[in-house]
Amino acid sequence: MKIGIPHAHKNARSGFQKEAVSGKFIGTPSFNFQRVRMKIREKSVPGYERVLLGSDDLAGYQGIIAVHSTALGPAVGGTRYWSYKTEDDAMTDALRLARGMTYKNALAGLPFGGGKSIILRDGKAPDREQLFRAHGRMVNSLAGKYITAEDVGTSPADMEYILQETTYVGGLQGRSGDPSPHTARGVFRAMQAAANHKWGSDELAGKTVAIQGCGHVGYFLAGELAAVGAKLIVADVDATKVKQVVDDHRAAAIASEEIYSAKADIFAPCALGGVLNDQTIPQLKATLVVGAANNQLLEPRHGDLLQQRGVLYAPDYAANAGGVINGCCREMLGWDVPKTLAKTDAIYDTLLRIFAMADQEKIPTYQAADRLAEERLRESTDV
Ligand SMILES: NC(=O)c1ccc[n+]([C@@H]2O[C@H](COP(=O)([O-])OP(=O)(O)OC[C@H]3O[C@@H](n4cnc5c(N)ncnc54)[C@H](O)[C@@H]3O)[C@@H](O)[C@H]2O)c1
């Protein structure tokens with residue numbers, strides 16, 4: 001399978017040639033001033049292929065790149081621009097997110113591994129071009145082992161700055177576009193699979209879906225559901241976002257804190273992580289939980305609790321892969337729109353497999369999803 005970054009920029013650079021040495025300073029190529037000021041250290045982390053820490057004082061840059069696995073292909077995962085209490089917190093987040101990307105990409109059937117990067121936000125107003133170009137140089141130092149894209153706190157415009165320094169970047173302006181409608185489509189397909197498993201039919205007409213979060217994904221998900229005749233209850237802390245979904249998709253609004261106990265068949269978390277916990281799970285009236293938010297289970301045991309209560313949970317990283325599928329297939333594999341859409345629609349089959357395995361092995365669905373992803377990773381390394 002051909003993997004390419006079809007948008008090589010004339011100014012993009014070709015990568016550090018120096019070998020990384022665990023725990024040591026590794027990067028001061030001398031032919032370019034901007035690179036001289038970039039300091040890169042490698043940290044050895046068990047279970048991770050590469051972890052780099054970089055700084056460029058002149059650009060006000062401090063960043064981390066974690067490459068969890070390239071067993072299936074180059075590690076793909078976005079750049080998060082975020083403020084953390086400590087550097088350790090940022091590192092923990094980078095490692096967790098990079099591993100999550102390995103599992104998400106494996107389960108989605110993509111020929112990509114998992115990685116993630118973080119630029120630490122320090123409270124000062126940054127020169128965004130300098131900041132993201134510095135990050136681009138860090139990305140480039142991995143010579144294609146890691147490909148970045150947008151994530152929380154970053155935009156397609158920031159990716160254009162990264163492109164000045166490396167070709168290993170996706171999510172650019174005018175390329176595969178906003179991932180949210182594709183994520184919403186995948187969540188919708190996951191919902192159909194869950195409905196089929198629970199009620200014996202994909203039909204969502206007449207079912208009531210409670211959507212938490214009317215942002216990018218929530219809005220498009222409401223559109224998909226309204227189109228097939230589902231009834232919608234929606235909540236958001238931002239009243240203007242609620243109004244838009246109510247006006248455009250005939251939804252009923254509810255207070256944010258009432259969304260868990262809403263009289264609905266399906267609960268769709270599309271706002272925050274950690275929303276499935278000891279406080280919220282007992283309130284749920286819905287028998288399916290299918291949404292876009294990352295890390296919906298506060299702790300793994302909450303997946304067990306849902307199972308004990310007879311609630312079918314669609315593991316988040318399986319259901320919300322539509323955006324990454326669209327970005328990878330369109331930008332890196334050069335697929336056309338119909339082929340890419342078919343891949344997103346196949347989230348339906350993945351979810352059916354997860355549910356079947358969970359039943360067969362008598363395990364919660366989040367464990368079945370992990371097992372399926374691990375099977376794919378193992379197959380790739382078996383000779
Ligand atoms: N955008 C994508 O393609 C994509 C892909 C995969 C996963 N996700 C995940 O899906 C979720 C939604 O993504 P998005 O792009 O729509 O984000 P978004 O920021 O556009 O929307 C989130 C919405 O949630 C609302 N919100 C925040 N706190 C809330 C609360 N307590 N109750 C109700 N609403 C609340 C916000 O006001 C906002 O409107 C996030 O967890 C994101 O990480 C998104």
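**Strand pairing and a buried glutamine**

Guide: In this predicted model, strand S12 (residues 288-289) and S13 pair in the parallel sense over 2 bridges, and Val289 stands opposite Tyr313 in S13.

Visitor: What makes S12 and S13 a pair?

Guide: Two strands pair if at least two bridges are found between them, and S12 and S13 have 2 bridges, so the requirement is met.

Visitor: Why is S13 said to stand at an edge of the sheet?

Guide: The open sheet of 6 strands runs in the order S10-S9-S8-S11-S12-S13, with parallel pairing. Strand S13 (312-313) and strand S10 (252-253) each have a single partner strand, so one side of each is left without a neighbour in the sheet.

Visitor: Which helices pack on this sheet?

Guide: Helix H6 (residues 216-227) touches strand S8 (208-212), strand S9 (231-235) and strand S11 (266-269), and its direction makes about 170° with that of S8. Helix H7 (residues 239-249) touches S9 and S10, with its direction at about 165° to that of S9.

Visitor: Why is Gln192, in helix H5 (residues 180-199), called buried?

Guide: Gln192 has a relative accessible area of 13%, and buried means under 20%, so the residue is classed as buried.

Visitor: How do you know that the side chains of Gln192 and Arg189 make a polar contact?

Guide: The two side chains make that contact at 2.5 Å, and the cut-off for the pair of N or O atoms is within 3.5 Å, so the distance satisfies it. Leaving aside neighbours within four places in sequence, Gln192 is also in contact with Ser201, Asp202, Leu204 and Tyr348.

Notes. Residues are numbered from 1 along each chain as its sequence is written. This is a predicted model: local features need pLDDT of at least 70, side-chain atom pairs count only at pLDDT 80 or more; totals for chains, interfaces and linings use all residues. Side-chain values use heavy atoms; hydrogens and water are left out. Buried means under 20% relative accessible area, exposed over 50%, partly exposed in between (1.4 Å probe, protein chains only). A polar contact is a pair of N or O atoms within 3.5 Å; within protein, one must be able to donate a hydrogen and the other to accept it, and residues adjacent in sequence count only if both atoms are side-chain atoms. Contact means heavy atoms within 4.5 Å. Helices (H or I, at least four residues) and strands (E, at least two) are DSSP runs, numbered from the N terminus. Axes are lines fitted to C-alpha atoms, for helices over the stretch in contact, and angles run from 0 to 180 degrees between N-to-C directions.
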